[in-house]
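Biologist: I would like to go through this model and hear the reason behind each label. Please set each value against its cut-off.

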Amino acid sequence: MENAEINSVKITSCTTADVPTLCALGRQTFSETFAGTNTAQDMREYLDKNFKESQVLLELTNPASHFFIARVNNTAAAYLKINEPPAQTEQEYPDSLEIHRLYVLKAYKGQRGGRALMTRGLWL
C-alpha cells in the first residue's frame, strides 16, 4: 500500500519531488528538538550535512530505505524513514527493520501524525 489515510492524517510514500519538503521537515524538527542541547556550530554542521538536498536524495533513492510523509490538513507535519538491510546503521540485526527517523513538527505533536506513520511503517 503506497498511500493511506489513518485517523484523518494522510500518509504518502515519498518521491524525489518530496526532497525539499523532507529537508525542511528534517531541519526544523531536528532544530526544535536538539538546538537547546547543542552549540550553534554543531547544529549548523549536522543540519548542513544531513539535510542538504543531495544527501536526502541519495538516501531516498536507496532501494533499502523507505520514506513517508504525514500531512495534516494538507500540510507536511512529520516524516518517517525506515531502513532495511543493508541500509541500516547497525548491521547486527539482518532480519529487522530500523526506524532511522521519526520526526514530527512541534506544532503537530499529539495530532496522531507519528502514530499514523508508525502504523504505515509496520505495513512494510
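Biologist: Where is proline 86 placed?

Modeller: This is a predicted model, and in it proline 86 sits in the loop between β4 and β5. The peptide bond from proline 85 to proline 86 is cis, with omega near 5°. Most peptide bonds are trans.

Biologist: What pattern does the protein chain follow along the sequence?

Modeller: The pattern is β-β-α-α-α-β-β-β-α, which comes to four helices and five strands.

Biologist: Why is the pair of tyrosine 79 and tyrosine 103 called edge-to-face?

Modeller: Rings pair if their centres lie within 6.5 Å, and planes over 60 degrees apart count as edge-to-face. For tyrosine 79 and tyrosine 103 the values are 5.6 Å centre to centre and 75° between the planes, so the pair meets both conditions. The structure holds eight aromatic pairs.

Biologist: Which parts does that pair tie together?

Modeller: Tyrosine 79 lies in strand β4 (residues 75-83) and tyrosine 103 in strand β5 (residues 98-104), so the pair ties together parts that are 24 residues apart in sequence. Ring pairs also link both tyrosines into a cluster with Phe30, Phe34, Tyr46, Phe51 and Phe67.

Biologist: What makes tyrosine 79 and tyrosine 103 count as buried or exposed?

Modeller: Buried means under 20% relative accessible area. Tyrosine 79 has 1% and is therefore buried; tyrosine 103 has 15% and is buried as well. Across the protein chain, buried residues make up 42% of the 124 residues.

Biologist: What is the phi of asparagine 73, and why is asparagine 73 given its accessibility label?

Modeller: Its phi is positive, about 50°, although asparagine 73 is not a glycine. Most residues other than glycine have a negative phi. Asparagine 73 lies in the loop between β3 (65-72) and β4. Exposed means over 50%, and asparagine 73 has 70% relative accessibility, so the label is exposed.

Biologist: How does arginine 112 get its label?

Modeller: Partly exposed covers the range between the buried and exposed cut-offs, 20% and 50%. Arginine 112 has 42% relative accessibility, so it counts as partly exposed. Arginine 112 also has a positive phi, near 75°, and its place is in the loop between β5 and α4 (113-121).

Biologist: How do you know that the radius of gyration agrees with a compact globule?

Modeller: With 124 residues, a compact globule would have a radius of gyration near 14 Å; the protein chain has 14 Å, so the two agree. The C-alpha atoms fill a box of roughly 40 × 35 × 25 Å along the principal axes.

Key: Residues numbered from 1 in each chain as written. Predicted model: local features only at pLDDT ≥ 70, side-chain atom pairs only at ≥ 80, totals over all residues. Heavy atoms only, no water. Helix = DSSP H or I, 4+ residues; strand = E, 2+ residues; numbered from the N terminus. Rg over C-alpha atoms; globule rule 2.2 N^0.38 Å. Buried < 20%, exposed > 50% of the residue type's maximum accessible area, 1.4 Å probe, protein only. Phe/Tyr/Trp six-rings, centres within 6.5 Å; stacked < 30°, edge-to-face > 60°.
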